[in-house]
Amino acid sequence: MASMEQRLAALESELRAVRDRLDIYQLTAAYGPAVDAGDSKTVSELWTVDGEYDWGRGKAAAPGQGMVQGTAGGAKSRAEIADMVDGSFHRGLINAGAAHILSLPHVLVQGDTAVSTCYSCLFRHEGDGFRAFRVTSSHFHWVRGPDGWKVKRRLNRLLDGSAEARALLATGLAGKLPD
Amino acid sequence: MASMEQRLAALESELRAVRDRLDIYQLTAAYGPAVDAGDSKTVSELWTVDGEYDWGRGKAAAPGQGMVQGTAGGAKSRAEIADMVDGSFHRGLINAGAAHILSLPHVLVQGDTAVSTCYSCLFRHEGDGFRAFRVTSSHFHWVRGPDGWKVKRRLNRLLDGSAEARALLATGLAGKLPD
Amino acid sequence: MASMEQRLAALESELRAVRDRLDIYQLTAAYGPAVDAGDSKTVSELWTVDGEYDWGRGKAAAPGQGMVQGTAGGAKSRAEIADMVDGSFHRGLINAGAAHILSLPHVLVQGDTAVSTCYSCLFRHEGDGFRAFRVTSSHFHWVRGPDGWKVKRRLNRLLDGSAEARALLATGLAGKLPD
């Protein structure tokens, strides 16, 4: 039978795992509200200083402009992520009415790294309702640092039938990193 | 090194925080199914007796009718919230096919109060599919009482580009209350 | 005042409840990515060997074909669930661009069984955006076995105004099983 010491140690270890999961839920739930509020500081600080956000086809970073429709693109640092949020494309999007809704993520933690998988759905206000403008598979690679969990790399892929978008979901569920 | 007593106390405190988070997830996940089932008792009892639900522009409480499209409105007690659910506008909505889907909330607990932030997406059945009729930012102010967590005030703001809807997201992420 | 033994036992029991909830969240979050990746093994193994998936009106199992639009249908075993995922209807769906997004579930655990309630939203890629093709109420009956929680029966009902779809939400919130 387990000693009190062993039972305490087991509880501490299991509770740490629970808190890791909830921490990643919380950060995932923060992304949409921060980006739709146009809060580039809060958005960018979800990432590590050198974190990457590859948002795939349909948007691209352009100097001083944030994003342009039609080409693949991404950001390679906190500063570039903040630029995207502050850029004219994103500002135009939220000023016209937008919601970036991330779904409940599947989360696999291994030590100080984690992989989570969810959907991101971007609704835009149109006429008297909203349109699902982009629905993507979203893969997060997390690392634990002195300030808790941060995104090292996030990839979105438009679920337009592409094999890559489907493969990204399988990669995430397996706890693996994409190329 | 921490004593067994200290370790137990730390575990108890941390587990309480985890359970608060999960309690608020559970209540958030109950709202949609209860309101789409037309269960006015279950919906209204998510709030405190004098709880408020300000659902913003686009719907308004009218005596004996629940909600009318086109004007701002809300409910200022459990009884008024139940009236909204039992009213002809809401009954018409769910009888024609509706889903009120709340996203995974961002939750900040401070003692016996909490603030959560999420999106609410109202889908209506139209033709051979569904239309996102309303997508709102949703801010919950919770209080802990003898029956657990209850909503003291909930605000929805249509994400149609209004500065107020965007600000509500930032207010919630900061754990603050709106005016 | 509680003894250390009593406090340890209370913590262990409460943490088990937390982990049950998170386990069911995790399995719920796995369904969409697995089915949209076309991974029939991962999807089907969310169920017990003899588990049932009744997806309701609008899709039906047909031998060698998976699903056909227009009639009610379902699968009565892991093998039949895998057939649905591997079938031509589902393959066509994901090859054209699809996302099966499940919402944060309401979860009630009682011993080794559990009931969860959520929405399932099927988006299809159309034109330059996505359309919410199906929005359903989704009821899960879970059982705990040697490999953890598995779905014994899942029912979806299209939220097109039908009383049955609304009743399914109420049934789930009450922790009950449908007929």
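A polar contact is a pair of N or O atoms within 3.5 Å, where, within protein, one atom must be able to donate a hydrogen and the other to accept it. By that rule, 12 residue pairs are in polar contact across the interface of chain B and chain A, both residues of each pair being at pLDDT 80 or more. The structure shown in the views below is a predicted model.

**View 1. Chain A as a single subunit, with five helices and seven strands.** Read from the N terminus, the elements of chain A follow the order α-α-β-β-α-α-β-β-β-β-β-α. Along the principal axes, the C-alpha atoms of chain A occupy a box of roughly 65 × 35 × 35 Å. Chain A has 179 residues, of which 58% count as buried. When contacts in chain A between residues at least 6 apart in sequence are considered, 52% of them join residues at least 24 apart.

**View 2. Helix H3 of chain A (residues 78–86) and the elements around its buried residues.** The residues of this helix that are buried are A:Ile81, A:Ala82, A:Met84 and A:Val85. Because these buried residues fall within an arc of 155° when H3(A) is seen down its axis, they line one face of the helix. An α-helix has 3.6 residues a turn, so residues three or four places apart point the same way. Packed against the buried residues of H3(A) are three helices, H1 (4–36), H2 (40–44) and H4 (88–95), together with strands S1 (47–54) and S2 (74–75), each of them belonging to chain A.

**View 3. The corresponding helix H3 of chain C (residues 78–86).** In chain C, the buried residues of H3 are C:Ile81, C:Ala82, C:Met84 and C:Val85. Seen down the axis of H3(C), they too lie within an arc of 155°, and they therefore line one face of the helix. The cover over the buried residues of H3(C) includes helices H1 (4–36), H2 (40–44) and H4 (88–95), as well as strands S1 (47–54) and S2 (74–75), of chain C.

**View 4. The interface of chain B and chain A, with an area of about 2900 Å² buried between the two chains.** Carbon and sulfur atoms give 66% of that area, and the contact involves 33 residues of chain B and 35 residues of chain A. On the side of chain B, the residues that lose the most area to chain A are B:Arg7, B:Leu104 and B:Tyr119, which together account for 21% of what that side buries. Four salt bridges are counted between chain B and chain A. In one salt bridge, the side chain of B:Arg7 meets that of A:Glu12, at 2.8 Å from N to O. At least two residues of the side of chain B that touches chain A are supplied by each of helix H1 (4–36), strand S4 (106–110), strand S5 (113–126), strand S6 (129–145) and helix H5 (163–173) of chain B. Of what chain B brings to this side, H1(B) gives the most, with 10 residues.

**View 5. The interface of chain A and chain C, where about 2900 Å² of area is buried.** Here carbon and sulfur atoms give 67% of the buried area, and the contact takes 33 residues from chain A and 35 residues from chain C. Between chain A and chain C there are four salt bridges, and 12 residue pairs are in polar contact, both residues being at pLDDT 80 or more. A:Arg7 pairs with C:Glu12 in a salt bridge, their closest N and O atoms being 2.8 Å apart. The side of chain A that touches chain C receives two or more residues from each of H1, strand S4 (106–110), strand S5 (113–126), strand S6 (129–145) and helix H5 (163–173) of chain A. H1(A) provides the largest share of that side, 10 residues.

**View 6. The rotation axis that relates the chains, with Leu104 of chains A and B.** Chain A is superposed on chain C, with an RMSD of 0.0 Å, by a rotation of 120° with 0.0 Å of shift along its axis. These two copies are thus related as by a three-fold rotation axis. In chain A, the C-alpha nearest the axis belongs to A:Leu104, at 3.5 Å from it. A turn of 120° and a shift of 0.0 Å along the axis likewise lay chain B on chain A with an RMSD of 0.0 Å. Among the residues of chain B, B:Leu104 comes closest to the rotation axis, its C-alpha being at 3.5 Å.

Note on methods: Residues numbered from 1 in each chain as written. Chains lettered and ligands numbered in written order. Predicted model: local features only at pLDDT ≥ 70, side-chain atom pairs only at ≥ 80, totals over all residues. Heavy atoms only, no water. Buried < 20%, exposed > 50% of the residue type's maximum accessible area, 1.4 Å probe, protein only. Helix = DSSP H or I, 4+ residues; strand = E, 2+ residues; numbered from the N terminus. Arc of directions from axis to C-beta. Contact = heavy atoms within 4.5 Å. Least-squares fit on C-alpha atoms with pLDDT ≥ 70 in both. Buried area = accessible area lost by both parts, 1.4 Å probe. Polar contact = N/O pair within 3.5 Å; in protein donor to acceptor, adjacent residues only side chain to side chain.
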